[in-house]
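I opened this entry to keep track of what I looked up, one feature at a time.

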Amino acid sequence: MSTAVDARTWAEDWQRSWDRQQEGYMPDREHRLAALVDIVEAVGGRAPRVLDLACGTGSISRRLLGRLPRATAVAVDVDPALLAIAAATLGDDERVRIVRADLGDPAWTAAVGDTPFDAVVTATALHWLPEATLRRLYGDLRALVRPGGVVANADEMVPARLPRLTAELSRLARERRAALWADGRPDWDAWWDIVARDPRLAEAVAERRRFFGGDHAPEFVPPAEWHVVALADAGFAEAGIAWRSGTGAIAAAVR
Ligand SMILES: C[S@@+](CC[C@H](N)C(=O)[O-])C[C@H]1O[C@@H](n2cnc3c(N)ncnc32)[C@H](O)[C@@H]1O
């Protein structure tokens with residue numbers, strides 16, 4: 001077996017492992033990611049230019065290209081370990097450019113290259129940013145999409161005006177997660193410990209732990225309404241909730 005095929009198999013194994021771990025937190029994750037691709041296709045057609053923000057292993061880009069083979073993507077993240085998996089999966093694909101940048105740095109947009117994009121999509125990521133950074137980021141994103149282009153953020157974001165229903169939905173979500181974890185899949189911390197034991201990723205894991213100061217804790221998880229207001233404040237023509245499943249939602253804005 002060639003080294004290239006070896007690397008590809010190694011990366012696909014990590015992709016499956018990442019997906020399984022993430023699905024443990026979001027049993028509906030495939031629906032969320034499919035809903036993001038729906039939004040891209042609706043706005044950008046069959047050959048959209050897409051920014052996959054905080055891409056991790058490239059989960060959205062992979063699904064985007066699976067559905068829309070004429071799409072192109074710039075995939076941005078700061079984590080060297082997840083980017084190594086993304087690069088081993090997608091790095092040879094001329095439709096994808098992988099970029100390392102810290103969204104906390106206001107100069108991050110310089111790294112993405114040609115703009116504008118038809119769509120910026122992101123999943124399960126922006127809750128890592130503090131409130132002021134997320135506000136600034138939404139403004140950055142407005143400048144990166146074309147008029148009529150879309151920004152879509154899939155994340156945990158409860159509906160502020162349904163506290164009792166949200167409590168029940170959260171309970172249901174906990175039950176579903178527990179059912180998945182019963183198969184022995186690793187949680188977030190255990191997954192990173194497993195990754196750290198892979199010699200090809202050990203140094204990158206050490207680097208990410210230095211960068212994040214550990215494995216990671218959520219910074220700011222506001223209700224959906226906060227995102228809608230912040231996107232409108234950032235100057236988008238339309239902002240609202242484009243999709244919801246339980247306590248997760250996609251906040252979207254059209255320039
Ligand atoms: C749970 S992962 C989600 C990855 C991918 N979107 C997915 O759904 O599989 C969150 C991602 O946000 C990225 N992230 C967090 N803070 C970041 C920052 N300041 N700059 C760039 N990426 C960041 C992390 O490195 C991680 O890849």
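My notes below go from the sheet to the helices.

**Entry 1, the sheet.** I am working with a predicted model, and I began with the sheet, which is open and is formed by seven strands in the order 3-2-1-4-5-7-6, with mixed pairing. I then looked for its edges and found strand 3 (96–100) and strand 6 (238–245), each of which pairs on one side only. For the turn between neighbouring strands of this sheet I noted 15° on average, with direction ignored.

**Entry 2, one strand pair.** I next followed strand 5 (residues 145–156) alongside strand 7 (residues 248–254), and noted that they pair in the antiparallel sense over seven bridges. Looking up a single position, I found that D155 has A249 in strand 7 as its bridge partner.

**Entry 3, a helix on the sheet.** I turned to helix 2 (residues 29–44), which lies across strand 1 (49–53), strand 4 (117–123), strand 5, strand 6 and strand 7, and which runs at about 170° to strand 4.

**Entry 4, two helices.** How do helix 2 and helix 3 (residues 59–67) pack, and at what angle? I noted an angle of about 60°, with the axes 10 Å apart, and because angles of 65 to 115 degrees count as roughly perpendicular and those under 35 as roughly parallel, helix 2 and helix 3 are oblique to each other. Their crossing is right-handed. On the helix 2 side I listed L33, L36, V37 and V40, which meet S59, I60, R63, L64 and R67 in helix 3. Sorted by class, this contact has six nonpolar, one polar and two charged residues.

Terms used. Residues are numbered from 1 along each chain as its sequence is written. This is a predicted model: local features need pLDDT of at least 70, side-chain atom pairs count only at pLDDT 80 or more; totals for chains, interfaces and linings use all residues. Two strands pair if DSSP finds at least two bridges between them. Axes are lines fitted to C-alpha atoms, for helices over the stretch in contact, and angles run from 0 to 180 degrees between N-to-C directions. Two residues are in contact if their C-beta atoms, placed from the backbone, lie within 7 Å. Angles under 35 degrees count as roughly parallel, over 145 as roughly antiparallel, 65 to 115 as roughly perpendicular and the rest as oblique. A crossing is left-handed if the near helix is turned anticlockwise from the far one by less than a right angle, and right-handed if clockwise. Ala, Val, Leu, Ile, Met, Phe, Trp, Tyr, Cys and Pro count as nonpolar, Asp, Glu, Lys and Arg as charged, and the others, Gly among them, as polar.
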